[in-house]
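The following report describes one protein chain, moving from a single residue to a helix pair and then to the chain as a whole.

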Amino acid sequence: MARCTKEEALETRSRIIDAAEEVFHARGLAQSTLSDVALAADVTRGAIYWHFKNKGDLFDAMCERVRLPLESLAATPFEQYAHNPLGHLRNTWVAFMKNVVSDTRSRKVLDIIFLRSELVDRDDPIWVRQQHCYEKGLDNMERILKEAVALDQLPKDLDTRLAAISLHSHVIGLLMNWLFSPGSFALAEVAPAVIDGCLESLACATSMRLKT
């Protein structure tokens with residue numbers, strides 16, 4: 001039997017990930033098996049294991065094809081936003097929300113992550129990955145808020161950790177509400193005002209100040 005070429009292997013890998021998106025979205029992550037994915041991709045289970053260690057590894061690969069907002073924040077060099085960290089934070093979130101509306105793949109993957117991942121085992125690699133991404137993302141957001149404080153864009157006594165938690169909760173809540181009911185509001189139109197409101201509240205909310 002002839003060996004498959006590198007191009008053929010990459011095409012098979014991509015087809016498996018495409019199939020995983022469809023299967024995970026239709027059945028939910030917990031209810032989907034690698035056999036389901038193999039059937040949808042028209043490959044054998046062995047072909048899946050050639051490219052991926054397990055379902056968690058396949059889930060990782062699926063997520064890697066979509067840039068999440070907190071990952072975008074971390075990937076941008078400081079020099080590109082040093083003069084306006086708060087604006088960078090705001091623009092990254094707004095651009096992300098608009099992209100979710102226009103990009104089918106992003107929307108589908110995020111729908112799987114937030115609404116179709118019935119995770120119950122905290123030792124599950126997928127759970128561990130999601131928790132790590134959340135914690136790392138929260139750290140990155142707090143770092144940018146501290147940079148905004150240093151430039152007097154936000155109050156000197158702002159509790160940046162509490163502010164990061166609050167901002168993240170608002171914007172992810174907005175995203176999840178839209179994914180749950182896309183027809184209830186226009187995300188691309190609503191997002192700028194909601195995000196601006198959240199950022200403006202950080203400047204005036206006394207509850208967000210460090211306790212002395």
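## A residue in its surroundings

Arg 129 has its place in helix H8, in what is a predicted model. Is Arg 129 buried or exposed? With a relative accessible area of 11%, Arg 129 falls under the 20% cut-off for burial and is therefore counted as buried. In sequence, Arg 129 is separated from Gly 56 by 73 residues, yet their C-alpha atoms are 8.8 Å apart in space.

## The packing of H6 and H8

Helix H8, which covers residues 125-150, packs with helix H6, which covers residues 85-102, and the two axes lie 7 Å apart at an angle of about 140°. Because an angle over 145 degrees would be needed for a roughly antiparallel pair, H6 and H8 are described as oblique to each other.

Which residues make the contact between H6 and H8? On the side of H6 they are Pro 85, Leu 86, His 88, Leu 89 and Trp 93, while H8 contributes Met 141, Ile 144, Leu 145, Glu 147 and Ala 148. Sorted by class, this contact between H6 and H8 comprises eight nonpolar residues, one polar residue and one charged residue.

## The chain and its domains

The chain holds 10 helices and zero strands, and its elements, read from the N terminus, accordingly run α-α-α-α-α-α-α-α-α-α. The domain assignment divides the chain into domain 1, residues 6-62, and domain 2, residues 66-208. The C-alpha centres of domain 1 and domain 2 are 29 Å apart, and across the boundary 14 residues of domain 1 are in contact with 14 residues of domain 2.

Some values for the chain are collected here.

| Property of the chain | Value |
|---|---|
| Span of the C-alpha trace along its principal axes | about 70 × 40 × 35 Å |
| Share of the 212 residues that count as buried | 42% |
| Exposed area | about 11600 Å² |
| Part of the exposed area supplied by carbon and sulfur atoms | 54% |

How are the contacts of the chain spread along the sequence, and what percentage join residues at least 24 apart? Among contacts between residues at least 6 apart in sequence, 70% join residues that are at least 24 apart. Returning to the residue at the start of this report, Arg 129 is a buried residue within helix H8, and H8 is the helix that packs with H6 at about 140°.

Key
Residues are numbered from 1 along each chain as its sequence is written. This is a predicted model: local features need pLDDT of at least 70, side-chain atom pairs count only at pLDDT 80 or more; totals for chains, interfaces and linings use all residues. Side-chain values use heavy atoms; hydrogens and water are left out. Axes are lines fitted to C-alpha atoms, for helices over the stretch in contact, and angles run from 0 to 180 degrees between N-to-C directions. Helices (H or I, at least four residues) and strands (E, at least two) are DSSP runs, numbered from the N terminus. Angles under 35 degrees count as roughly parallel, over 145 as roughly antiparallel, 65 to 115 as roughly perpendicular and the rest as oblique. Contact means heavy atoms within 4.5 Å. Ala, Val, Leu, Ile, Met, Phe, Trp, Tyr, Cys and Pro count as nonpolar, Asp, Glu, Lys and Arg as charged, and the others, Gly among them, as polar. Buried means under 20% relative accessible area, exposed over 50%, partly exposed in between (1.4 Å probe, protein chains only). Accessible areas come from the Shrake-Rupley method with a 1.4 Å probe; for residues, only the protein chains shown count as cover. Domain bounds come from an automatic or database domain assignment.
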